[in-house]
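Dear colleague,

Please find below the structure that I am handing over to you. I would be grateful if you kept it open while reading the notes that follow.

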Amino acid sequence: MDKPWLATRLAKGASIEAIARDVGRHPSTVAYWVNRHDLASSHAPKHTARGGIARETLEPLVADGLSVQQIAERLGRGGTTIRYWLGKHELATIHARPASLADRPAVLLRRCRKHGYTQHVAVAAGRRYRCKRCRVEAVTARRRRVKAVLVSEAGGRCSLCGYERFAGALQFHHHDPGEKAFGLGDRGLARSMARARVEAQKCMLVCANCHAEIEGGIATIDQSTAADRLG
Ligand SMILES: [Zn+2]
Ligand SMILES: [Zn+2]
C-alpha cells in the first residue's frame with residue numbers, strides 16, 4: 001500500500017475501516033501497512049511531508065559509526081524516521097540491536113476489541129502495547145470509583161440541603177483551607193485511595209449549589225446541623 005497516499009488519507013482523518021472499504025482489503029491489512037510505513041504516530045504525516053532520506057545521505061553517516069540517535073540529531077529528524085529509512089535501504093548502524101525492546105515504536109496501530117483500530121502505546125518498557133482510549137477510560141472509571149467510595153463515606157448527601165441524586169454534583173469543601181493539601185477534583189481523585197481519603201476527612205460533602213453559596217459567602221455552615229445530617 002502506497003505510503004504517501006495512506007498518509008494523506010490518515011491526515012484527513014479517514015478511519016482504518018474506511019480506507020479498507022475503499023481499497024477492498026481487510027482492515028488488518030491496512031493496519032499492517034500503517035505500521036510498516038511508520039504512520040501510527042499522529043506526527044507521522046509531518047514526517048511524510050518532509051520526504052524520505054536517501055541512501056546517499058545515510059551511508060556515509062553509518063560508515064562513520066554514528067548511532068541512530070546521532071544520525072537523527074545530525075539530520076534534524078526523529079529516531080523512528082531514521083530507523084525506518086535505514087531499514088528501507090537495508091543499512092544497519094554498528095549499534096543496531098534489532099531485537100531489543102528499545103527499538104520498538106512508542107506508538108503502534110492495533111485493533112482494540114472495544115474501539116477498533118486505534119493508537120496503542122508501549123507500556124511496561126515496550127513489552128506490551130495498550131489501547132490509548134482504553135487507558136483514558138480506565139483512568140476515568142477509577143476516579144469515579146474513588147469518588148463513589150469517598151462520597152458514601154462522607155454520608156452520601158449534601159450536608160447542607162440533603163441533595164443526593166447524582167454523585168457528580170457532590171463536591172468536597174475544605175473546612176480549613178490552610179489544611180488543604182490538594183483539591184478532590186479530577187486530579188485529586190487520580191491519587192491513591194489512602195491519600196484521597198485523608199483529604200476527604202478534612203472536608204464536608206456539599207452539592208455544587210450549596211458549595212457555590214458557601215464560596216460566595218451566602219450560605220453559612222452550621223457545624224451542628226452538618227454533624228447531625230452526617231450522623
Ligand atoms: Zn480500546
Ligand atoms: Zn446542597
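With which residue does Glu 164 form a salt bridge? The partner is Arg 157, and the closest N and O atoms of the pair are 3.2 Å apart. Glu 164 is partly exposed, as its relative accessible area is 47%, and Arg 157 is partly exposed as well, at 34%. Please bear in mind that this is a predicted model.

The count of salt bridges comes to six. Another of them joins Glu 137 to Lys 114, with 2.6 Å between the closest N and O atoms. Glu 137 belongs to helix α8 and Lys 114 to the loop between β1 (107-112) and β2, so this pair ties together parts that are 23 residues apart in sequence. Glu 137 counts as partly exposed because its relative accessibility is 31%, whereas Lys 114, at 60%, counts as exposed. Lys 202 and Glu 199 also form a salt bridge, their closest N and O atoms being 3.0 Å apart. Here Glu 199 is buried, with a relative accessible area of 2%.

The zinc ion (ligand 2) deserves your attention next. Its protein donors are the SG atoms of Cys 158, Cys 161, Cys 207 and Cys 210, at 2.3 to 2.4 Å from the ion. The angles among the four donor atoms run from 102 to 117 degrees, and the site is tetrahedral. Along the chain, the donors follow the spacing C-x2-C-x45-C-x2-C. Cys 158 sits in the loop between α8 (132-153) and β4 (170-174) and Cys 210 in helix α11 (residues 208-215); 52 residues apart, this pair links distant parts of the chain. Both Cys 158 and Cys 210 are buried.

Strands β2 (residues 116-123) and β3 pair in the antiparallel sense over four bridges. Within this pairing, Val 121 has Arg 130 of β3 as its bridge partner. Four residues lie between the strands of the hairpin, where Ala 124 takes a positive phi near 50 degrees. Strand β3 (residues 128-131) has a covered face with Tyr 129 and Cys 131, and an uncovered face with Arg 128 and Arg 130.

Finally, a word on confidence. The protein chain has a mean pLDDT of 84, and 87% of its residues reach 70 or more. Among its elements, strand β5 (residues 203-207) has the highest mean pLDDT, 96, and helix α4 (residues 44-49) the lowest, 44. Over residues 43-48 the pLDDT is below 50, and this stretch has eleven contacts in the model beyond near neighbours in sequence.

Yours sincerely

Terms used:
Residues numbered from 1 in each chain as written. Chains lettered and ligands numbered in written order. Predicted model: local features only at pLDDT ≥ 70, side-chain atom pairs only at ≥ 80, totals over all residues. Heavy atoms only, no water. Donors = N, O, S within 2.8 Å, 3.2 Å for Na, K, Ca; no water. Tetrahedral: all angles 85-135°; square planar, octahedral: opposite > 155°, others 65-115°. Helix = DSSP H or I, 4+ residues; strand = E, 2+ residues; numbered from the N terminus. Buried < 20%, exposed > 50% of the residue type's maximum accessible area, 1.4 Å probe, protein only. pLDDT = per-residue confidence, 0-100. Contact = heavy atoms within 4.5 Å. Pairing = 2+ DSSP bridges. Salt bridge = Lys/Arg side-chain N within 4 Å of Asp/Glu carboxyl O.
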